[in-house]
Amino acid sequence: MIVYKDFLLEFKMKDSWVTMMAFVVMVIFLFAFALGADWRRLDAIFPGIIWMAYLFAGILGVGRTYGHELPEEALTGLMLAPGERTWIIAAKMFVAFCFMFGMELVASPLFFILLNQSWSGQWVPYLVTLALGAWGFVGVGTLLSALSANVRGGEALLPVLMAPLAVPVIITAVEATKAILASPHQNPWGWLEGLLAYDVIFSALPLLLYEYLWEV
Amino acid sequence: MDKAEPVLRVKHLEKWIGERRVLANVSLEVGPGGGLAILGPNGAGKSTLLKVVAGLWSPSAGEVWRFGAPMEDEGRPDPRVNLVGHHSFLYPALSGLENLEIYGRLYQIPRPRERALAALERFGLGWSSRDPVRTYSRGMKQRLTLARAWMCQPQLLLLDEPYVGLDLPGQRLLDDWLEEHRRSGGARLVITHYPEEALRVSDAVAILIRGRLVWWAATSGMSADALTREYSGWLAKGGMAVSVSFG
């Protein structure tokens with residue numbers, strides 16, 4: 001029900017996914033202008049550009065996870081409804097993942113087209129990287145977003161806390177993407193296993209800490 | 001639950017928020033069909049008491065029993081308990097009907113849409129059921145909040161200044177519902193700043209000052225003037241100025 005409610009709110013307000021998409025497209029254009037015609041230099045940093053854009057767009061999206069709950073303290077209403085409270089954060093993580101993964105799926109072809117990169121990678125590992133990267137990001141993001149929602153100035157605090165904690169996601173995802181796009185192909189699975197381990201930790205942490213977060 | 005068993009029993013409740021003790025040794029009982037009003041100055045801990053009783057926050061010490069069973073240490077929501085707080089707990093971007101339908105589904109109410117429509121009609125909001133809540137006036141939001149609580153049919157109703165923002169017909173609707181709730185055996189814990197309201201909605205009234213229940217009495221036969229005098233006296237004793245002098 002919480003998932004349905006969050007999708008309904010996004011459908012009505014369009015303030016999470018649309019903002020993320022607009023931001024990613026803007027980043028693509030900025031890099032295209034900044035790097036100009038030097039496509040050789042772009043080849044080396046292309047995976048980094050992709051994930052930096054996803055990181056900052058993701059911060060915008062994840063920051064809105066609890067945004068709808070704040071004006072009328074709707075989160076209190078959810079907490080008082082019957083059922084396990086951990087379902088609230090699980091639902092929030094799932095919704096944030098859908099928005100982030102959806103944004104990545106739509107933005108990926110745009111990156112390749114607008115930055116004039118030819119696709120020579122493997123589809124399955126690339127999609128796995130996007131999914132694991134998105135999940136790791138929303139795991140830590142949802143936790144911090146829940147924390148900052150109850151704190152004055154939380155919206156400013158979120159990116160400051162988020163960026164360092166997301167570094168392991170960025171490093172592993174960038175390296176895995178590099179291996180996937182390399183010619184000849186390299187094995188990305190070592191990096192993806194590291195990313196998976198991070199995902200497991202940051203999926204469990206919000207579910208374990210949520211009871212304590214609520215009284216912060 | 002035994003018929004004679006109190007719906008709500010609070011024993012020696014203490015609540016700390018950080019380094020500050022917000023509630024100290026609070027004990028009270030509300031039986032089936034009973035109503036207790038709590039008067040107290042700002043910052044006395046009234047809303048905190050409701051949040052603990054609702055299961056939103058855990059007690060730091062003491063016990064909270066609801067429907068004859070102790071509340072778990074970490075605090076748990078119970079669908080038989082409903083809280084009407086300072087905020088509506090609703091989503092401004094959604095319509096009144098959508099909001100209530102979502103709550104109906106969260107509380108697993110059968111035929112939530114029909115129930116939501118009935119709640120909107122009951123509280124005089126049928127005409128604006130499809131308008132976004134952000135377009136509602138303060139009073140309409142309060143009516144919708146009451147409709148949200150009504151549709152869940154709570155047996156224990158926790159009301160934090162429920163009359164705020166309501167126009168006269170809205171107040172009448174709330175009075176009618178509370179009377180209906182009392183007749184059906186429901187219990188009420190009502191927080192208010194107004195002695196007249198306290199007398200209207202409860203069988204007993206207590207005064208909470210700096211986290212402690214300092215006085216209580218049955219409301220039967222008590223006049224609003226007498227209660228106002230008692231309350232003013234306690235505010236003065238507690239060092240709370242009841243009037244401001246510019247002289």
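These legends go with close-up views of aromatic rings in a predicted model.

**View 1. Phe46(A) meets Phe111(A) edge-to-face.** Searching the whole structure, over all chains, turns up 16 aromatic pairs. Here is one of them: the ring centres of Phe46(A) and Phe111(A) sit 6.5 Å apart with the planes at 80°, and since anything over 60 degrees counts as edge-to-face, that's what this pair is. Phe46(A) comes from helix α3 (residues 39-63) of chain A and Phe111(A) from helix α5 (residues 86-114) of chain A, so the pair ties together parts that are 65 residues apart in sequence. Both Phe46(A) and Phe111(A) are buried.

**View 2. Phe112(A) and Tyr126(A) also pair up edge-to-face.** Their ring centres are 6.4 Å apart and their planes stand at 75°, so edge-to-face is the right label for Phe112(A) and Tyr126(A). Phe112(A) belongs to helix α5 of chain A, while Tyr126(A) belongs to helix α6 (residues 123-149) of chain A, so this contact ties together parts that are 14 residues apart in sequence. Phe112(A) is buried, and Tyr126(A) is too.

**View 3. Eight side chains of chain A make one aromatic cluster: Phe46(A), Trp51(A), Tyr54(A), Phe111(A), Phe112(A), Trp119(A), Trp123(A) and Tyr126(A).** Look for the partners from the two views above: Phe46(A), Phe111(A), Phe112(A) and Tyr126(A) are among the members.

**View 4. Over in chain B, Arg122(B) lies over the face of Phe123(B).** The distance to the ring centre of Phe123(B) is 5.9 Å.

**View 5. Arg200(B) lies over the face of Tyr163(B).** In this view, Arg200(B) is 4.7 Å from the ring centre.

Key
Residues numbered from 1 in each chain as written. Chains lettered and ligands numbered in written order. Predicted model: local features only at pLDDT ≥ 70, side-chain atom pairs only at ≥ 80, totals over all residues. Heavy atoms only, no water. Phe/Tyr/Trp six-rings, centres within 6.5 Å; stacked < 30°, edge-to-face > 60°. Helix = DSSP H or I, 4+ residues; strand = E, 2+ residues; numbered from the N terminus. Buried < 20%, exposed > 50% of the residue type's maximum accessible area, 1.4 Å probe, protein only. Lys NZ or Arg CZ within 6 Å of the ring centre and 35° of its normal.
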